[in-house]
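Here is a short walk through a structure, for someone seeing it for the first time. Keep the sequence and the view side by side.

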Amino acid sequence: MHSTSYIIRFTLIMTLIVAAVLSIMVSGLKDTHTLNESVYNKKGILSAVANQLGKDVNSLTSEEVQTIFEKQIIQKALNNKGEELTPEQIKSITGASSVVDIDLGKENKKPADQRVFPLFVYKSADNKTYNILYTRGKGLWDEIWGYITLDSDLNTIAGQAFDHKGETPGLGAEIKDNKAWYTQFTGKKLYNQAGEYKSVAVVKGGVKDKDHQVDAISGATITGDGVDDMLNKGLAYYEPYLKKNKK
Amino acid sequence: MAEVLTKKEAGAFSFGKEEKKLLTDPLNDNNPITVQVLGVCSALAVTTLVSKAIVMGIAVIFVTALANLFTSLLRNYIPKSIRMIVQLVIIAFLVTVVELALKAVNYPIWKDLSVFIGLIITNCIVMGRLEAFAMANKPWKSFLDGIGNGVGYAIILVMVAVVRELFGKGSLLDFKIIGSTPEYLLNTTSTAWLSWYSPNNLLVLSPAAMFIVAIIIWIQRSRNAKLVDIS
Amino acid sequence: MGDIINIFIKSAFIENLALSYFLGMCSFLAVSKSVKTAIGLGLAVIFVNGLTIPLNWLLDHYLLNDFFGQDLTFLRFIIFISTIAALVQLVEMVVEKVSPSLYNSLGIFLPLITVNCAILGASLFMITKEYNFAQSVSFGLGGGFGWFLAIVAIAGIREKMQYSHVPAPLRGLGMAFFLTGLMGMAFMGLMGIDPAAFK
């Protein structure tokens, strides 16, 4: 039988060793962790312009991702009037030091006139401009989000990428994994011919409106509705900006 | 500290019949998942993709082996009354190390596995082996026992994942192998075999893992009557 | 208030720890041979889950997130599991002193709970779901209740299974796996129900 003082000493020494080793590891790996995280998020954005890049986004190294972001992408942040914000304004409103760090989930909880929306403008090698819009909503279990790339007419969808926090593998998670599903969005239009905002709807039982509807995933009704709702509401926030820049 | 103890227990590094049995037994007749029924939870959640199962398997081998080793080194110093907590702290420490390392090495997989890395702590394999083996045996043997059990666990994990990914998604390690419909992956260009087969989504859902483990148990017990449950 | 009831219903039925996430399977399969013991273990899980999750929430928010300006969240695993282990031991001692009869029925299950991944899993889910304190209490109780329901149901089926002609190699464990899988599929039918509709 060990004495109480031995037990206390044992516990203290053990706690100290464990805490020391872990803190050394954490501080040593901190930079790698933040770099990995930012590259992961940036790759998520680049997946929306995978067609224009002509490369598989997952095969890019972190340096390549950083150079694409430096040279070909302009990061903007808009308010709900479609005006661009300066870095100081972004910092004071959202607390984020760069556009990539803006937490859209938090923004969506604010009153509409105080929200900030990130926008990424991608210049392809053949000098075309693509606007990448960012939208976030709720799926079945948790948050889902998507990046929608608009062609230079600011109407036709030229690329898309969806992701989720915890949808069911094989059902809701298909929004990220099933290429046949998400490529349906390419070529769809946000505005109808009269110029009214229509968004793109996720529908069951066959697409009737070729320009504004995609087929739902069977078995993932709620996630599909979530995508529908997220696109409809989230992309509408960019309307003032799109109208202003449309020729 | 390790150096002092290895000197004290010199000659313990032999690798004879007994040691070999420690390594091979858990692979089949004493498999942690199908026979000892330990560590089932994570076996189900991480087996949708072979790549996830392999990473998880490696993480568990690392944790069982080192937790067994450390516990065995400390076995005479751990106060009996706080034994459980000490063991759990050792395991949680190793799991945190694995998590931090994985986050630095392969961020996307870390993101995919999310809480299931943390759940290695309560993976009963680790705790079970510490109680049943490491507290009573010498470090070298405990280390081998840990590796054996970790590998036994990893094998079942990969087996389940192969079935689920191949028939559920038509791919293996993210490369499209069979089936007609969607190229789930951007990097597949070649045409797949058995183009009439349409991947069965049911296998990607978690209950399917239950059925696959049950079938593995069925096969294993049909071949080895000793394992049959009499009750 | 509606929000809290929502989370309770959601965590008990829709996001059932045992049958949707398949957590706590070791004890789930090992202790579900008879309804009586299953009820004992189930109650113990409700009890410990309901206590540890709010406690871990407090520790995470007031100690780990901001420890004199330091972010100590990397110690989360160690702190959470120590809390669970310490609490289980404490509860065991208190129950033994206060109510020996309860101890006799619950006592043997308490040590099993420390390594029940449903408890640690629920604590980790509580972090990723970003609940506030009241919500985490409800999540803890609801999650425990869902697990209780699941293990009692499976034990009931397994008792009946005694009278069925199951192929010898499948008897016991093999059949338990099949049953759990089938029940998991049945529970998937509850997925997507919006608990807000019950308000």
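Two parts are described below, a sheet and a pair of helices.

This is a predicted model, in which local features need pLDDT of at least 70, side-chain atom pairs count only at pLDDT 80 or more, and totals for chains, interfaces and linings use all residues. Residues are numbered from 1 along each chain as its sequence is written, chains are lettered from A and ligands numbered from 1 in written order, and side-chain values use heavy atoms, without hydrogens and water.

Start in chain A. Five strands (DSSP runs of E, at least two residues, numbered from the N terminus) form an open sheet. Their order is β1-β2-β3-β4-β5, and the pairing is antiparallel. Strands count as paired if DSSP finds at least two bridges between them. β1 (73-78) and β5 (157-164) of chain A each have a single partner strand, so one side of each lacks a neighbour in the sheet. Neighbouring strands are turned by 20° against each other on average, direction ignored.

Look inside the sheet. β2 (residues 117-123) and β3 (residues 129-138) of chain A are joined by five bridges. A:L119 has A:L133 in β3(A) as its bridge partner.

Now move to chain B. Helices here are DSSP runs of H or I, at least four residues. The axes of α9 (residues 139-169) and α10 (residues 206-223) of chain B come within 10 Å and cross at roughly 120°. Axes are lines fitted to C-alpha atoms, for helices over the stretch in contact, and angles run from 0 to 180 degrees between N-to-C directions. That makes α9(B) oblique to α10(B). Oblique is what remains once angles under 35 degrees (roughly parallel), over 145 (roughly antiparallel) and 65 to 115 (roughly perpendicular) are set aside.

Which residues of α9(B) meet α10(B)? They are B:I156, B:M159, B:V160, B:V163 and B:R164. Contact means heavy atoms within 4.5 Å.
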